[in-house]
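Please look over the model shown below. The report takes up its core, its surface and its charged contacts.

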Amino acid sequence: MLKLFEQSTVFQVVVILVVTMLLWFPQMVDPQPMAAPVGFAPLYEVLYNCAFSPMLAVVIAIVLVIAGGVMLNLLLANAGLISQNSLLPTLFYILFMSATAETLSATLIVGLLIIAFVRLLLLHSTLLTISRDKVFGATALIGICSLFYLPSLSLLVSYLLVAMGYRLYNWRDWMVLLLGLLAPYLLLWTILYMTGGLEESFMALKATLTPSAHWQLPSFDIAVAAHAVLLLFFAVSLFVLLSRFKEKTTLWQKNTLAVVMPAVAAIVAALYSPVISVNLQFFAVPFALCASLRFSSTTRHYSASRHHRQWRTYLKDLLFLIVIAAAVIC
């Protein structure tokens with residue numbers, strides 16, 4: 001199946017559309033209204049106040065997720081991280097973004113903005129660092145994400161880990177980081193100051209930034225098991241990817257780290273949930289790369305015997321179907 005998937009663009013598009021329909025069919029049949037904003041989420045509150053009908057909100061979510069998958073695919077292909085004719089990143093991005101989604105939400109929008117965040121951190125030359133305007137843009141995007149969903153400030157941890165590899169150490173880089181992060185907030189606070197809502201905003205900000213003091217384990221069911229399967233597969237794929245880093249160029253290594261680092265932000269953001277769970281939408285971008293490389297034909301060992309190659313192909317096809325099924329069950 002994977003061999004056919006890689007050889008035919010038409011087949012790839014058909015599979016992606018069918019999987020997307022399977023993932024969103026329950027939401028289309030019984031659309032749910034957008035969740036009311038909780039705590040500090042001014043931009044999401046503006047979106048919520050648009051009062052989209054439940055069906056329209058679901059349709060917008062589907063369109064945004066598919067568009068995000070296509071943009072991520074182009075981004076990874078242009079950076080030389082995946083094959084130009086592979087649509088696997090689009091498929092896996094849609095899987096993780098849609099697995100637990102019910103409608104348009106703050107975390108879904110953040111999952112889309114992470115693509116733009118990663119784009120600014122990718123290298124396209126042998127300079128092996130990024131310019132200060134990209135530092136400003138990346139950190140400004142972190143600020144914008146946090147105005148939709150405050151725990152997404154954890155993306156700052158991902159940025160700092162990437163910045164260490166890019167040697168962005170001097171005081172100018174730190175000042176640009178701070179200015180970029182504060183730029184959306186300065187505009188927001190100016191508006192709130194003129195409208196008299198500044199004090200209330202600070203109180204909501206403080207309350208939302210305080211992590212939960214008591215965590216609870218989620219009740220076990222088939223959806224939780226499917227959730228665990230997806231995270232386990234991502235962890236294994238990431239481990240395999242990192243174990244082969246020395247085989248790649250320095251440029252490839254740095255770009256790959258820039259793509260997978262949002263996974264760190266996903267783990268940190270999980271601390272702000274009263275029920276111990278990890279938001280799959282924050283993992284969508286790194287999962288799309290890791291899973292695509294795991295299933296790519298370039299990772300197959302052609303030195304093995306023909307019999308072993310056939311079994312390996314069957315097992316990969318089976319694992320591919322299990323990942324899709326787990327996302328649908330979630």
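The sections below go through this predicted model part by part.

## Nonpolar cores

The largest nonpolar core holds 96 residues. Six of them have the most contacts inside it: Trp24, Phe92, Tyr93, Leu108, Phe117 and Tyr159. Helix 14 supplies the largest share of this core, with 12 residues. A second core is separate and has 8 residues. Phe40, Leu150, Trp189 and Leu192 are included in it.

Trp24 shows what such a residue touches. Neighbours within four places in sequence are left aside here. Trp24 then contacts Val58, Ala61, Ile62 and Val65. Its other contacts are Ser98, Ala101, Glu102, Thr103 and Leu108.

## Helix 12

Helix 12 covers residues 250-260. Its buried residues are Trp252, Lys254, Asn255, Thr256, Ala258, Val259 and Val260. Lysine, asparagine and threonine are thus on the buried list, alongside tryptophan, alanine and valine.

Which helices do these buried residues pack against? The partners are helix 4 (54-78), helix 6 (106-121), helix 8 (155-166), helix 11 (222-243), helix 13 (262-269) and helix 14 (280-295).

## A surface patch

A nonpolar patch lies on the surface. Its members are Val10, Val14, Val18, Met21, Leu22, Phe25, Val29 and Val328. Together they have about 740 Å² of accessible area. Helix 2, residues 9-29, gives the most to the patch, with 7 residues.

Val10 is one of the patch members, and its place is in helix 2. Is Val10 buried or exposed? Its relative accessibility is 61%, so Val10 counts as exposed; the cut-off for exposed is over 50%.

## The salt bridge

The structure holds 1 salt bridge. Side chains of opposite charge can pair when their charged atoms come close. Here the partners are Arg132 and Asp173, at 3.1 Å from N to O. Arg132 sits in helix 7 (residues 132-148) and Asp173 in helix 9 (residues 171-195), so the pair ties together parts 41 residues apart in sequence.

The two partners have their own accessibility values. Arg132 is partly exposed, because its relative accessibility is 37%. Asp173 is buried, because its relative accessible area is 6%.

## A buried loop serine

Ser86 lies in the loop between helix 4 and helix 5 (88-98). Its relative accessible area is 13%, so Ser86 is buried; buried means under 20%. Ser86 touches Gln12 and Asn73, with residues up to four places away in sequence not counted.

Methods. Residues numbered from 1 in each chain as written. Predicted model: local features only at pLDDT ≥ 70, side-chain atom pairs only at ≥ 80, totals over all residues. Heavy atoms only, no water. Buried < 20%, exposed > 50% of the residue type's maximum accessible area, 1.4 Å probe, protein only. Helix = DSSP H or I, 4+ residues; strand = E, 2+ residues; numbered from the N terminus. Contact = heavy atoms within 4.5 Å. Patch = residues over 30% accessible without salt bridge, like charges linked within 9 Å, V, L, I, M, F, W, Y side chains within 5 Å. Areas by Shrake-Rupley, 256 points an atom, 1.4 Å probe, with all protein chains shown as cover. Salt bridge = Lys/Arg side-chain N within 4 Å of Asp/Glu carboxyl O. Core = buried A, V, L, I, M, F, W, Y, C linked by side-chain atoms within 4.5 Å.
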